[in-house]
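Work through these exercises with the sequence and the model side by side. Try each task before reading its solution.

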Amino acid sequence: MGRRILNEALRSMVNAEKRGKSMVELKPISTVMSSFLNIMKNRGYIKDFQVYDPHRVGKITVQLQGRINDCKALTHRQDIKAIEIEEYKTRTLPTRQWGYVVITTPDGFLDHEEALRRNVGGQVLGYFH
């Protein structure tokens with residue numbers, strides 16, 4: 001259920017980017033979604049996001065920057081070892097220059113570059129470029 005919520009939120013962000021919107025409101029929310037958005041913010045794909053009322057249903061408002069081309073959460077769990085991350089990245093992302101694969105690891109939510117630096121594997125959560 002959590003991955004479906006994440007996928008719907010990411011798709012609504014992509015649709016808002018295509019329509020030229022500068023802000024999008026995401027409902028319902030999850031902790032996984034805020035971690036995914038934090039990685040996107042650190043990599044410069046979104047400007048900022050605000051979480052409102054996280055203990056109930058809540059909502060997140062995201063300020064878009066116009067850099068998101070595609071963004072998806074995988075609905076199936078796929079385990080990935082640290083040595084397989086580079087191969088998975090080249091299969092999933094369109095080019096080598098941009099895009100990130102988000103992985104859940106024992107160290108938390110990391111993008112593929114940080115996971116390679118720490119030499120940890122985990123489960124693929126989704127990707128954005």
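The exercises below concern a predicted model.

**Exercise 1. The three-stranded sheet**

Task: Work out which strand order the open sheet of three strands has, and which strands stand at the edges.

Solution:
- Step 1. Read the order across the sheet. It is β1-β3-β2, and the pairing is antiparallel.
- Step 2. Find the edges. β1 (23-26) and β2 (46-52) each have a single partner strand, so one side of each lacks a neighbour in the sheet.
- Step 3. Add the twist. From one strand to the next it averages 15°.
- Step 4. Look at one pair in detail. β2 and β3 (residues 59-64) run antiparallel and are joined by six bridges. Phenylalanine 49 has valine 62 of β3 as its bridge partner.

**Exercise 2. Helices across the sheet**

Task: Find how helices α1 and α2 run relative to the strands they lie across.

Solution:
- Step 1. Take α1 (residues 2-19). This helix lies across β1, β2 and β3, at about 160° to β1.
- Step 2. Take α2 (residues 31-42). Helix α2 also lies across β1, β2 and β3, at about 155° to β2.
- Step 3. Check the span of α1. Its 18 residues reach 26 Å from first C-alpha to last, close to the expected 26 Å.
- Step 4. List what α1 buries. Among its buried residues are Ile5, Leu6, Leu10, Met13 and Val14. The buried residues pack against β1, α2, β2, β3, β4 (71-73) and β8 (122-128).
- Step 5. Look just past the helix. Glycine 20 has a positive phi of about 85°.

**Exercise 3. A buried charge**

Task: Decide what surrounds glutamate 17, and how far away the nearest side chain of opposite charge is.

Solution:
- Step 1. Place the residue. Glutamate 17 sits in helix α1.
- Step 2. Look for a partner. Glutamate 17 is buried but has no salt bridge. The nearest opposite charge belongs to arginine 67, 8.6 Å away. The cut-off for a salt bridge is 4 Å, N to O.
- Step 3. List the contacts. Leaving out residues up to four places away in sequence, glutamate 17 touches Leu64, Gln65, Gly66, Arg67 and Ile68.

**Exercise 4. Backbone oddities**

Task: Identify which residues a cis peptide bond joins, and which residue other than glycine has a positive phi near 60°.

Solution:
- Step 1. Check omega. The cis bond joins lysine 27 and proline 28, with omega about -20°. Proline 28 belongs to the loop between β1 and α2.
- Step 2. Check phi. Asparagine 119 has the positive value near 60°.
- Step 3. Place asparagine 119. This residue is in the loop between α4 (112-118) and β8. Asparagine 119 is exposed, at 58% relative accessible area.

**Exercise 5. Strand β8 and its partners**

Task: Determine how β4, β5 and β6 pair with β8, and how many residues of β8 are buried.

Solution:
- Step 1. Pair β4 with β8. Three bridges join them, antiparallel. Cysteine 71 stands opposite phenylalanine 128.
- Step 2. Pair β5 (residues 79-80) with β8. Two bridges join them, again antiparallel. Aspartate 79 has glutamine 123 as its bridge partner.
- Step 3. Pair β6 (residues 100-105) with β8. Five bridges join these strands in the antiparallel sense. Threonine 104 stands opposite glutamine 123.
- Step 4. Assess burial. Six of the seven residues of β8 are buried, so the strand is largely enclosed by the rest of the structure.

**Exercise 6. Salt bridges**

Task: State how many salt bridges the count gives, then trace those of lysine 41, arginine 43 and glutamate 86.

Solution:
- Step 1. Take the total. The count is 11 salt bridges.
- Step 2. Follow lysine 41. Its side chain meets that of aspartate 48 at 3.1 Å, N to O. Lysine 41 is partly exposed at 35%, and aspartate 48 is partly exposed at 25%.
- Step 3. Follow arginine 43. The closest N and O atoms of arginine 43 and glutamate 113 are 3.5 Å apart. The pair links distant parts of the chain: the loop between α2 and β2, and helix α4, 70 residues apart.
- Step 4. Follow glutamate 86. Its partner is lysine 89, at 3.5 Å, N to O. Both lie in helix α3, three residues apart, about one turn. Glutamate 86 is partly exposed at 33%, whereas lysine 89 is buried at 10%.
- Step 5. Find a network. Salt bridges link Asp107, Glu114, Arg117 and Arg118.

Conventions
Residues numbered from 1 in each chain as written. Predicted model: local features only at pLDDT ≥ 70, side-chain atom pairs only at ≥ 80, totals over all residues. Heavy atoms only, no water. Pairing = 2+ DSSP bridges. Helix = DSSP H or I, 4+ residues; strand = E, 2+ residues; numbered from the N terminus. Axes fitted to C-alpha atoms, helices over the stretch in contact; angles between N-to-C directions. Contact = heavy atoms within 4.5 Å. Expected span 1.5 Å × (residues − 1). Buried < 20%, exposed > 50% of the residue type's maximum accessible area, 1.4 Å probe, protein only. Lys, Arg positive; Asp, Glu negative; His and termini not counted.
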